[in-house]
Amino acid sequence: GLSMHGATRETRSTCPYCGVGCGVIIESAGAQITGVRGDPDHPANFGRLCTKGSTLHLTATAAVTMQTRLLQPMRRAERGTAPAAITWDAALDTATAKFAQVIRDHGHDAVGFYISGQLLTEDYYVFNKLAKGLIGTNNIDTNSRLCMSSAVAGYKKTLGADAPPACYDDFNHAQCLFIVGSNTAWAHPILFRRIEDAKRANPAMKIVVVDPRRTDTCEIADLHLAIQPGTDVMLFHGLLHLMLREGWTRPDYIAAHTSGFDTLAARVRDCTPERVAQVCGIDARDLLETARLFATSAATLSLYCQGLNQSSSGTAKNATLINLHLATGQIGRPGAGPFSLTGQPNAMGGREVGGMANLLGAHRDLANPAHRAEVAALWGVADVPAAPGKTAVEMFQAAADGEVRALWIACTNPAQSMPDQATVRRALERCEFVVVQEAFATTATCAYADLLLPATTWGEKLGTVTNSERRISRVRQAVPAPGGARHDWSAVADFAQRLEAVLPPRSVTPLFPYALDAEAGAEAIWNEHRESTRGRDLDITGLSWPILDAQGPQQWPCPADTACGGNDNGNATALPAVRRQFGKARLYEDGVFPTPDGRARFYDVAYKPVAEAREPRYPLSLNTGRLRDQWHGMSRTGTLGRLFGHVPEPVVQMHPQDMVHRALRDGDLVQVASKRGAIVLPAQGSTDIGPGQSFIAMHWGEEALSGRSSAGERLAGVNTLSTPVFCPDSKQPELKHAAVQIAKAELP
Ligand code: SF4
């Protein structure tokens with residue numbers, strides 16, 4: 001991964017932004033990152049980068065010049081005062097004493113960890129072992145709960161394991177691409193380039209986009225279904241109804257490889273085209289055409305993301321889309337299958353190590369006693385607690401209620417990104433002790449920290465991440481950690497070692513025996529994770545860091561005892577001959593699924609509308625989403641002027657008809673209010689969204705988008721408005737829909 005060109009050093013690593021997981025080559029001179037370019041040998045991007053990836057070196061430099069980095073541990077003696085620098089030893093001893101005291105006085109479940117899909121697999125692993133193994137609490141969840149948990153639940157309910165069965169190379173084999181709830185063009189730009197290439201090479205490929213908004217992704221669509229927000233399950237049921245009516249299902253596949261079809265078929269009987277067209281707000285002819293393309297194309301690939309996931313019926317949406325693939329046999333072949341896109345760079349790696357409240361390592365389930373016993377044996381602890389842990393929304397609610405008293409937040413900014421900010425801010429205020437482990441001192445959450453721990457970030461970190469197509473890539477360190485910043489895994493393992501010394505013993509041998517100051521420490525953690533995957537669906541016992549170094553990124557599963565590799569795993573067309581692909585490109589090609597009887601299961605569920613219906617007082621739907629050139633809460637992308645060239649400021653978009661109705665013109669300041677609070681921002685008319693709908697980008701927080709809760713507290717950002725209602729299965733909140741009112745702002 002390393003080479004020198006004159007004074008410039010080159011380091012192969014991975015882009016830290018989205019789940020495409022593009023390979024980058026970092027150019028550095030001494031301690032300075034001087035440039036970045038796409039890695040031509042990385043099988044995600046083959047040398048390309050989008051606007052965010054190609055400016056990584058500039059955002060890294062801007063963080064230095066703008067002094068936005070957190071560079072030393074800081075302790076705040078009192079809330080509301082400025083924090084003062086302290087040593088790492090003092091910081092971790094303070095944290096140890098506080099956490100130990102809360103655990104002693106109030107029990108294991110009085111502490112919680114809220115971590116991030118931005119963390120590396122090794123970071124995630126140590127956090128999970130700390131909570132579930134050492135402390136004995138399952139109160140550990142991640143911002144992936146806001147991102148991917150519905151996809152996880154959807155896969156498990158139908159296919160039996162949380163494993164996207166397709167890969168990027170499938171774009172080159174699909175005859176029909178069904179893109180649902182994903183603005184791929186903006187949120188996964190390099191995949192969109194690959195889709196454009198595939199369409200150019202195969203103009204016969206049909207592309208259907210389902211999205212309430214006409215996004216840039218619709219530019220390449222043959223058909224755009226602008227459904228009403230939240231009606232996806234009705235759409236999918238309606239498509240199945242038509243496939244059955246027209247004889248487009250595959251009874252042979254259904255009989256040989258699935259169970260539960262009959263009850264589902266009975267359910268969709270009354271999802272007639274007329275009813276579906278009316279509920280979804282689309283043309284019945286488009287519905288029929290979509291059913292035909294999906295079912296009868298030689299290979300159909302579905303791509304989906306937050307539009308399905310961030311929903312009070314997120315699991316139902318995911319699973320009922322997968323129903324269509326099973327009913328038509330559009331799975332387990334090149335170009336065919338359901339393919340969820342991960343939002344964050346390592347949401348997938350986090351799932352692999354069980355970094356969520358309901359999961360355990362290597363795709364084990366906390367609710368399964370045998371799985372708990374296996375993990376306890378792997379760690380050498382007596383048990384893993386059975387009591388369910390708190391998921392993201394539940395954890396902050398519990399903190400607001402005084403039930404969770406000490407919180408450790410790493411690499412995420414809940415004081416902007418969580419729904420229902422009034423509750424989240426109350427939780428952070430009420431907590432007795434809040435640790436924030438961060439690379440940037442600028443996030444809104446930092447203001448609530450009793451203890452700030454400086455973390456390394458892109459260009460400085462080392463470890464692994466897994467992208468949307470199950471591909472594990474190395475993240476490598478190009479420059480030394482600045483100031484007192486430490487790798488997340490190292491700081492957390494250090495804390496864990498200290499806590500282990502003061503808590504009643506849980507194991508006979510030390511639980512965190514990793515070298516804290518060496519790359520070997522991270523590799524040892526990864527090796528421990530690898531051992532836990534033996535015999536599981538994501539088995540990676542055939543891989544090692546030396547293999548990743550010598551042969552480049554690899555897909556799982558890749559078990560030690562099967563020769564699934566070779567130079568062609570069906571997904572290596574443009575790689576140099578020296579790069580070998582060992583893992584499995586596609587899953588379920590044999591029609592055998594990781595369920596007890598080997599059959600995939602149809603998911604039978606009724607359509608439910610969005611949780612918060614529009615009503616006379618709140619007559620508009622609010623949708624939230626991403627912009628092309630910004631990332632999350634802008635702690636990195638917000639430092640670079642050129643990334644504001646695309647969209648310079650936050651606006652609320654609404655249909656021109658709704659503008660006229662309110663006597664609004666472009667640029668007028670409006671107040672957008674939900675039951676939970678209100679924000680003020682400029683309005684913008686757009687025919688890209690339908691009447692009765694509105695859209696605000698998720699990125700802006702404190703500086704740009706101030707607001708108030710309904711009780712009058714000062715809040716900021718679009719999550720002042722959003723609802724904490726979540727999907728009962730995945731616990732993922734409905735960030736894609738809230739009912740709002742919009743009116744011209746009364747300015748003082
Ligand atoms: Fe980075 Fe995603 Fe852009 Fe690739 S597509 S360069 S991973 S932000």
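Biologist: Which residues in H7 meet which ones in H13?

Modeller: From H7, Asp-232, Val-233, Phe-236, His-237, Leu-239, Leu-240 and Met-243 meet Ala-316, Lys-317, Thr-320, Leu-321, Asn-323, Leu-324, Ala-327 and Thr-328 in H13. Two residues are in contact if their C-beta atoms, placed from the backbone, lie within 7 Å. Helices (H or I, at least four residues) and strands (E, at least two) are DSSP runs, numbered from the N terminus.

Biologist: How many nonpolar, polar and charged residues are in that contact?

Modeller: There are nine nonpolar, four polar and two charged residues. Here Ala, Val, Leu, Ile, Met, Phe, Trp, Tyr, Cys and Pro count as nonpolar, Asp, Glu, Lys and Arg as charged, and the others, Gly among them, as polar.

Biologist: Is this a predicted model, and how are residues numbered?

Modeller: Residues are numbered from 1 along each chain as its sequence is written. The model is predicted, so to speak of local features pLDDT must be at least 70, side-chain atom pairs count only at pLDDT 80 or more, and totals for chains, interfaces and linings use all residues.

Biologist: Back to the helices: at what angle do the axes of H7 and H13 cross?

Modeller: The axes of H7 (residues 232-246) and H13 (residues 314-328) cross at roughly 15 degrees and come within 8 Å. Axes are lines fitted to C-alpha atoms, for helices over the stretch in contact, and angles run from 0 to 180 degrees between N-to-C directions. That makes H7 roughly parallel to H13 (angles under 35 degrees count as roughly parallel).

Biologist: How many helices and strands are in the protein chain?

Modeller: The protein chain has 22 helices and 31 strands.

Biologist: And what share of its residues count as buried?

Modeller: Of the 748 residues, 61% do. A residue is buried if 20 or more other C-beta atoms, placed from the backbone, lie within 10 Å of its own.

Biologist: New topic: where is the cis peptide bond?

Modeller: The cis bond joins Trp-556 and Pro-557, with omega about 0 degrees. Pro-557 sits in the loop between strand E22 (554-555) and strand E23 (600-601).

Biologist: What about His-632: what is its phi?

Modeller: His-632 has a positive phi of about 45 degrees, although it is not a glycine. You'll find His-632 in the loop between strand E24 (620-625) and strand E25 (652-654).

Biologist: Is His-632 buried or exposed?

Modeller: His-632 counts as buried, because it has 24 C-beta neighbours inside 10 Å.

Biologist: And where is Met-634?

Modeller: Met-634 is also in the loop between E24 and E25. Its phi is near 70 degrees, a positive value in a residue other than glycine.

Note on methods:
Buried ≥ 20, exposed ≤ 12 C-beta atoms within 10 Å, placed from the backbone. Parallel < 35°, antiparallel > 145°, perpendicular 65-115°, else oblique.
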